[in-house]
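Let's take a walk around the ligand and the space that holds it. Have the viewer open and follow along.

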Amino acid sequence: MALTWQLENWGKSVQTSPAVYVLAQAVEEVQKIAADEAAFPGPVRASGAALSVTACHSNDGGTTIGMQKLNRIIGLCYMEGPAAAGSGGKLLQSSESTTTTATTTTTMEGSAAAGAGANLRSIECVEAQAGVTLAQLQSFLDEHGLELAFCAEIGSATLGGVCFATTKDSSIGPACPSGGLGDFQSGLMSIAVVDELGNLQEHRLFGTDGQQDASFQTLLDSQGTQGIAVSMRIAVRPYTPMITTLHVLGSLTAPDLVKELQALHADAASTQGNIFAVIDLTQGLTIVEHRTPSDAGKMPARVSLSRLIRKHWLSQKKRSFQRSYMTTAVKLELELLRQVRGSSAVLRYASARRGDVFEYPQDVPTSEHRLVYSYYSFDLDAFQEVVQEGLEWVSEYKSKTGFSPSGFAVYFVTTSGQRVGGPYASRGPRTKFSFDPLYHDPCDDKWALFVQMFSASACAKGGRPALNQTVGIEKYPEWGASDVSGTPKARFCSEWMRAFFDAKDQDTNQTPATHTPASRDTADTTDALDNQDAADTIDRL
Ligand SMILES: Cc1cc2nc3c(=O)[nH]c(=O)nc-3n(C[C@H](O)[C@H](O)[C@H](O)COP(=O)(O)OP(=O)(O)OC[C@H]3O[C@@H](n4cnc5c(N)ncnc54)[C@H](O)[C@@H]3O)c2cc1C
């Protein structure tokens, strides 16, 4: 009897049975697998930490490569980019030279690198293999006083699992060299990919002329259908000292809550800061992390107290996050602080850098609460309509069905205006926000039904999904088609992925990212019509 493998995602809501599973130990092994169709039946897909809440890992009958052992951090290096692009990197001084140590390699590339020509600059990067997790990478960068601009709550995700997929983080500070800020891909400078012949191809964000390479943008939304990523270089920057002010907003009407969130976001954004909010529907509280960069010299004097507060809050946050559940004790503590303070700003702490990444246990039994959520991204202009009506919609849904999600997470991301697919494709730089319902049981049918209905509503309001983060997206291939780009290679395209590429080919009108840029008004009208089409499609299902 043929051996079959049973793999499942972290939430245990999605299972798949590849014919072959290989935990790769070396890049050469990945190359061999990609090229050998007889021994390794296609499609060939990679699996990172399998955290994704959707079935994007589905690969029944194919070959799945586990990437976790390809976890070498190669070191620091410099790559060239245009002098004007973002500022997520450090200018190389002419006196700095190439250095090599046992653990770290700093190299210069390109003939003009040492002089960093008039319109080019050298951007500091970290190079690491695809199985490295975000938390491992940050630990390495800590040794050098560096950070990624992207710092999601999730630290267990692998670089390979986020380089062709959607991510979100309420990041702070200047934009990355790509012009974007708030998703992992914004910091990517190059990716090394194994193709169907087993060859290693390097793809770079910037060409030698300093211009962004269009094919790199296409690769970003390929969802792994161009090959297996084995390593990449990501722009880094010196630590950004940060002040976090924790706001607790009590029971407010939906319109008042929206106004408070808008005001806090505008305030933070005015100093390159950002906010991250969790609207907790079970406890009737909204918690907002208001994050602003701060000069190291202006850090609060009582840093040790600040450390204590930070440590305490982060441990509460991690517990609540992993379980998607705020305990009554935490609620009481926050309520008490609010009353003592007499204002919504209950706690303030300083940190030397952005970066509170969490590593969750790998195997959480189904009997325990596990965070699940579904992702929807919108233009900031739609904030009031989406959040206010979304909360009212959920309240009505609860009165009809008795079911409610535990809450919503709200993130703000800046787009570069260069992306050709996915939720961050936009004409010119824009601020987008995601409004993600949260729940504590990924396997609950009531959650699945809720998400199906909520997706229809989000789609009608212009929401964009993500193939790795919008639960049940396979039910809506036309909608999900906006999240793919390029022509998939059969060797790397699973049946699950194929449906989105097929839907894109069949009706390009339903792929907002492929529209020819027109005036803002006509373009937005076209997008709205597309979204209405997709919503109608969902309604018909
Ligand atoms: C509890 C929890 C909290 C989360 N918090 C956040 C958050 O704060 N912010 C955020 O943005 N996301 C968050 N996520 C989502 C998560 O970051 C994404 O789903 C991410 O894609 C998972 O990374 P992974 O390594 O587990 O990838 P996987 O889920 O294993 O894979 C994702 C996709 O990438 C493909 N892939 C993986 N490796 C490679 C490779 N080397 N080459 C080519 N393709 C590859 C896979 O085939 C799959 O299609 C959270 C998820 C959970 C469960």
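An oxygen atom of the ligand lies 2.7 Å from a polar backbone atom of G161. Keep in mind that this is a predicted model. At G160, a polar backbone atom is 3.3 Å from a nitrogen atom of the ligand. There's a side-chain partner too: an N or O atom in the side chain of Y373 sits 3.2 Å from a ligand nitrogen. On its own the ligand would expose 970 Å², and the protein buries 99% of that.

Now for the shell. It counts 35 residues around the ligand, and the ones that come nearest are A46, S52, T158, G161 and K168. By class, you get 20 nonpolar, twelve polar and three charged residues in that shell. Strand 4 (44-47), helix 3 (159-163) and strand 13 (228-235) each put in at least two residues.

So much for the ligand's neighbours; where does the ligand sit? It's in the largest cavity, one of nine cavities of 30 Å³ or more. The volume of this largest cavity is about 860 Å³. Its lining runs to 46 residues, with L51, S52, G161, V162 and N468 lying nearest the centre.

Which elements build that lining? Strand 4, helix 3 and strand 13 each supply at least two residues, and so do strand 21 (407-414) and strand 22 (431-439). Strand 4 gives the most, with four residues. As for chemistry, the lining of the largest cavity has 28 nonpolar, 14 polar and four charged residues.

Key
Residues are numbered from 1 along each chain as its sequence is written. This is a predicted model: local features need pLDDT of at least 70, side-chain atom pairs count only at pLDDT 80 or more; totals for chains, interfaces and linings use all residues. Side-chain values use heavy atoms; hydrogens and water are left out. A residue is near a molecule or strand if one of its heavy atoms lies within 4 Å of it. A polar contact is a pair of N or O atoms within 3.5 Å; within protein, one must be able to donate a hydrogen and the other to accept it, and residues adjacent in sequence count only if both atoms are side-chain atoms. Accessible areas come from the Shrake-Rupley method with a 1.4 Å probe; for residues, only the protein chains shown count as cover. On a 1 Å grid over the protein atoms alone, a cavity is a set of points where a 1.4 Å probe fits but cannot get out, and a pocket is an open set with protein on both sides within 12 Å along at least five of seven lines; lining residues have an atom within 4 Å of a point. A molecule sits in a cavity or pocket if more than half of its atoms lie within 2 Å of its grid points. Ala, Val, Leu, Ile, Met, Phe, Trp, Tyr, Cys and Pro count as nonpolar, Asp, Glu, Lys and Arg as charged, and the others, Gly among them, as polar. Grid points are joined across faces, edges and corners, and a volume is the space filled by probe spheres set on the points.
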